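Reader: I should be grateful for a close examination of a single part of this model, residue by residue where possible. Please then set that part in the context of the whole chain.

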Amino acid sequence: MKTSLGARSGPRLHVLPHLRRIARCVALLSWSLAWSWSPHASLRAGLLPHFEGKVISTAVKYGYQMIAVDLNADGKKDLLAIDEQSTELAWLENPSWTRHVLATDVPRPLNAACWDVDGDGIPEVALAYRFEPRPSQSIGNLVLLTHGADVRQPWTSREIDRVPTAHRIRWMDPEGLGKKVLLLGPMVGKSFPPAEGDSVPIYLYRPGTWQRETISTDPRGILHAINPVPWDGSPREQLLAASYAGLHRLEFARGQWQVSLLTPGDPRPWPLSGSSEVRLGHLEKRRLLVTIEPWHGHQVVVYLPEGDQWKRVVIEDAMENGHGLAVGDLDGDGRDEIVSGFRGKGFHVSLFQATDPRGVQWRKTVLDDGGIAAADCVIEDFNGDRLPDIACVGASTGNIKLYLNTGKPRAQP
Ligand SMILES: [Ca+2]
Ligand SMILES: [Ca+2]
Ligand SMILES: [Ca+2]
């Protein structure tokens, strides 16, 4: 009996490893199917993806700003590139990246911002041009460009204002009502270079009346960036402003604009003080601020919340003429990465990835070594595979480069 039982139980026991193998195969198959359906197919969250870089335009003299915006309502983000040495404004149509001229006779364009003011599905483009750093030499035209029957033909222009050294324009929804206002920051107040303590205003225009209103005179010296952000995750946006005074946060609450100084930025004395660029990012639910400091500076700085203060962590200090900055979750792990670029000697574009949950330590990876003197970079999905890509515009290199996320892990050096 024992033998026959043993004889019968033998094959049963041998079935178990087969079942285990089958179960493993099923688990592996469902795991890989789950990944193939996820936007980060074949890439484990937290591993930096490999990006394939290519030049998509050389029709730029000296690039300044890069905007990802769908200008022909086909669902694909196009690229609007500001070329500060050009007299026209042009965009590249996704996916052929064919160049179309949107406006002519707009010399020294410096900044644009897009929002669908009339609600027809194609955004209007606000444009600031005739920039010069000295107020006495700059007209600072502010216009609103609207498309005609064919978006690929030049758009019509309407003047809104003239503000010498008009340098930054952004649309913002300060009340979270789906109604945006146009903000303008001149680069300086009275003079360039600014005298110590010089105040710089931030102006607001409501669509329709387009009357200039002043919402702050708190920035100092050179106001380099104004950046509307979803500070508390609600539709009600707040504004970050980077100047020689550091970072200000502006909030429209209880019927008025309230301004607070978040950090003085670079602690060195004027004119090496403050911040140049600023972005809001997140590590999971934790907020962080990312800056370039000081003005056109050499540092990328991360500010981490610490009680009611911000802890200053310098993650890069070897840039020359730092300008390009973008923040977004490139590897799908819920923690934002940082893209930075600079225009000076030894220019390269870098990626920074937090190596601890708080964001105290960051690992640098060079994305592009010498291929572009990036003045500005944006993170956006340009080919519809739900993987975030990167696009940058070059200053002295006069090019636009697209870095497509392959979804495959980057080879370790
Ligand atoms: Ca499009
Ligand atoms: Ca990430
Ligand atoms: Ca993509």
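Author: In this predicted model, A241 stands opposite H248, a residue of strand β16. A second facing pair involving β16 is formed by A242, which stands opposite L247. These pairs bring together β15, which covers residues 238-243, and β16, which covers residues 246-253. The pairing of β15 with β16 is antiparallel and extends over 5 bridges. The connection from β15 to β16 is a hairpin, with 2 residues serving as the link.

H248 also has a counterpart in β17, where it stands opposite L261. H248 thus faces A241 as well as L261 of β17. The pairing of β16 with β17 is again antiparallel, and it comprises 7 bridges. Here too the two strands form a hairpin, with 2 residues between β16 and β17. One backbone detail of that turn deserves mention: R254 has a positive phi of about 50°.

The wider sheet may now be described. It is an open sheet of 4 strands, arranged in the order β14-β15-β16-β17, with antiparallel pairing. Its edges are occupied by β14 (223-229) and β17 (256-263); each has a single partner strand, so one side of each lacks a neighbour in the sheet. On average, and with direction ignored, neighbouring strands of this sheet are turned by 20° against each other.

As to the context, the protein chain contains 28 strands and 1 helix. Of its 413 residues, 43% are buried. Among contacts with a separation of 6 or more, 47% are between residues 24 or more positions apart.

The interior of the chain can be considered next. In soluble globular proteins, nonpolar side chains tend to be buried together. In this model, the largest nonpolar core consists of 96 residues, and L127, C377 and A391 have the most contacts inside it. The surroundings of L127 can be given in detail. With neighbours within four places in sequence set aside, L127 is in contact with the leucines L89 and L145. Its other contacts on that basis are the alanines A103 and A112, the valines V106 and V143, and P109.

To return to the part examined, β16 pairs with β15 over 5 bridges and with β17 over 7 bridges, and a hairpin of 2 linking residues accompanies the pairing with β15 and also that with β17.

Key:
Residues are numbered from 1 along each chain as its sequence is written. Chains are lettered from A and ligands numbered from 1 in the order in which they are written. This is a predicted model: local features need pLDDT of at least 70, side-chain atom pairs count only at pLDDT 80 or more; totals for chains, interfaces and linings use all residues. A nonpolar core is a set of buried Ala, Val, Leu, Ile, Met, Phe, Trp, Tyr and Cys residues joined through C-beta atoms within 7 Å. A residue is buried if 20 or more other C-beta atoms lie within 10 Å of its own, exposed if 12 or fewer, and partly exposed in between; C-beta atoms are placed from the backbone. Two residues are in contact if their C-beta atoms, placed from the backbone, lie within 7 Å. Two strands pair if DSSP finds at least two bridges between them. Axes are lines fitted to C-alpha atoms, for helices over the stretch in contact, and angles run from 0 to 180 degrees between N-to-C directions.
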